[in-house]
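Let's take a walk through this one together, ring by ring and strand by strand. Have the viewer open and follow along.

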Amino acid sequence: MRKIGVLVLCIILLLLTISCSNNTNDITTEVDSKDDNQKEITILIKDYELWDMKNYNSVIYAYFKRFEIENGVKVNLDVIKGNNADDYNKKINTKLYLKEGPTLIYIAGYGTYRNYTEQRIAVNTEGKIPNFLKVYDSLCDDGHYFIPVGMTHWAVVLNRCAIDKLEIDDPKFDWTREEYLEIKEKWLEIEKEYFCESDYEELLTFMINNIEIIDEANKKVNLNNSKVIQYLNDVREEIFSGKYIINNDYTCENFYNMVIERNSKEYKQASKLKYVNENDSLKKYSLLTNGLKSLEIAHFINMRNDVALPNIIKENDDLLATCGFIVNRNGKNIDLGMEFINGLLSDEIQLEMFKSIEFETAYPVNREIENDIEKIEKEKEINEKAIKLRKYILQQVKIGNYKRSYDSRIIKEIKTMIQKDFAKFIFADQAYTDEQLGRELQKLENKYNMWLNE
């Protein structure tokens, strides 16, 4: 009898174990279904993009489980871990030519996807995702290969105290980068600001975009020229002009850490100083808010009457971010994958994306819920300035003025390399002469061109 009791107990424990392993709150990270008849799809996603989705695109993340429950389809996540961009790409590529590979590939806000269309990995979904017809036309200029499900335009917020101190009118929504630079120059004449990584990136972005040093079509970089040399000298002079508060005891290595190495004490200290003093600065440093999310932007306007504006500081680099999916040509159950995307584009889920303000940064790409959004704003008595900002940005999206950043993986990597390599010239303990800069830039030019043509 004791043996029978033990046997029964073991069976009960086994059943409990199986039940726990199928808890609906769990999301698997590998395809591990043992039931060959189980309908399933697999989404390929990078580990840091998954973290970002959980924290900032919660409506999309929650839909995984909702789709499972409502459709009886298991949603697996194939999470890719890598050490650098090349490592991620190599690991992803090994998945894309499997006979029954991942169904969908998640593309984060500023992620690249054109390599999938160029390699004929992406499926042309035309006519297969009904709700795709509801997406704003300007977001579909790459055809039906990349399917956006949410979009973001990071607003810039100027402090009311700075505007009042400068005794200027609030900038209009159609302000330009030149206007921003003029306002910033006037501000730095009367108030010094703490210098950190964001200031460095801003200065370098101007240079990379304006001087057109990257010719991707011909796989060529042109660094050793008078324009680059002059810009390097100008950037160095700007940083050390006395307009910014910097640590005068820092060496080149300290400054490099401050603007490049995110885990360094110099980087963390500079970011902390910028954050602590941001209310006395021209613009908010820590505020990352989608200008389209009027429910959230209204809070910041209501609190201090700060000025929320479209972000034109980096021109085309930061105008629009869209997250979405690519359907993998070699994926398993791609019809179910397109059904999954269709659900994300439904009026109901897209409206949830707008209403969620705590853990959702994306704004709907579905144009057919605009009236519902306006009703919500009216019911909640949202600040009119926030509504006008949303409508202005949305109009720029509709007419194609605000487009997704189309930088390829190569362009992104070269920009990162330039930011790192140029730091040693800009923050050198002893300023380089033009001749020395020319020699160093030629070395980098040769290095980049060799890398481009490998």
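Start with a charge over a ring: Lys46 lies over the face of Tyr88, at 5.8 Å from the ring centre. Bear in mind as you look that this is a predicted model.

Now zoom out for a moment. The protein has 454 residues, and 50% of them count as buried. You'll find 18 helices and twelve strands in it. Take the contacts with a sequence separation of 6 or more: 77% of them come from residues 24 or more positions apart. On the outside, about 23600 Å² is exposed, with carbon and sulfur atoms supplying 49% of that area.

Back to the rings. A pair of aromatic rings is described by the distance of the centres and the angle of the planes. How many aromatic pairs does the structure hold? There are 21 aromatic pairs. One of them is Tyr106 with Phe325, an edge-to-face pair at 5.4 Å centre to centre and 65° between the planes. Tyr106 belongs to strand 3 (residues 104-107) and Phe325 to strand 11 (residues 321-327), so this pair ties together parts that are 219 residues apart in sequence. Are these two rings' residues buried or exposed? Tyr106 is buried, at a relative accessible area of 5%, and Phe325 is buried too, at 0%.

For another pair, go to Phe354 and Tyr363: their ring centres are 5.9 Å apart and their planes sit at 90°, so this pair is edge-to-face. Phe354 is buried at 0% relative accessibility, and Tyr363 is buried with a relative accessible area of 0%.

Tyr106 and Phe325 also turn up in a cluster linked by ring pairs. Its other members are Tyr61, Tyr63, Phe64, Phe67 and Phe340.

That leaves the strands. Strand 11, home of Phe325, is mostly covered, with seven of its seven residues buried. Which way does strand 3 run against strand 11, parallel or antiparallel? The two pair in the antiparallel sense, over four bridges. If you want a spot to check, look at Leu104, whose bridge partner in strand 11 is Val327. Strand 4 (residues 146-152) pairs with strand 11 as well, again in the antiparallel sense, over six bridges. Here you can pick out Pro148, which has Gly324 of strand 11 as its bridge partner. So much for the tour: strand 11 pairs with strand 3 and with strand 4, and it carries Phe325, the ring partner of Tyr106.

Notes: Residues numbered from 1 in each chain as written. Predicted model: local features only at pLDDT ≥ 70, side-chain atom pairs only at ≥ 80, totals over all residues. Heavy atoms only, no water. Buried < 20%, exposed > 50% of the residue type's maximum accessible area, 1.4 Å probe, protein only. Contact = heavy atoms within 4.5 Å. Areas by Shrake-Rupley, 256 points an atom, 1.4 Å probe, with all protein chains shown as cover. Phe/Tyr/Trp six-rings, centres within 6.5 Å; stacked < 30°, edge-to-face > 60°. Lys NZ or Arg CZ within 6 Å of the ring centre and 35° of its normal. Pairing = 2+ DSSP bridges.
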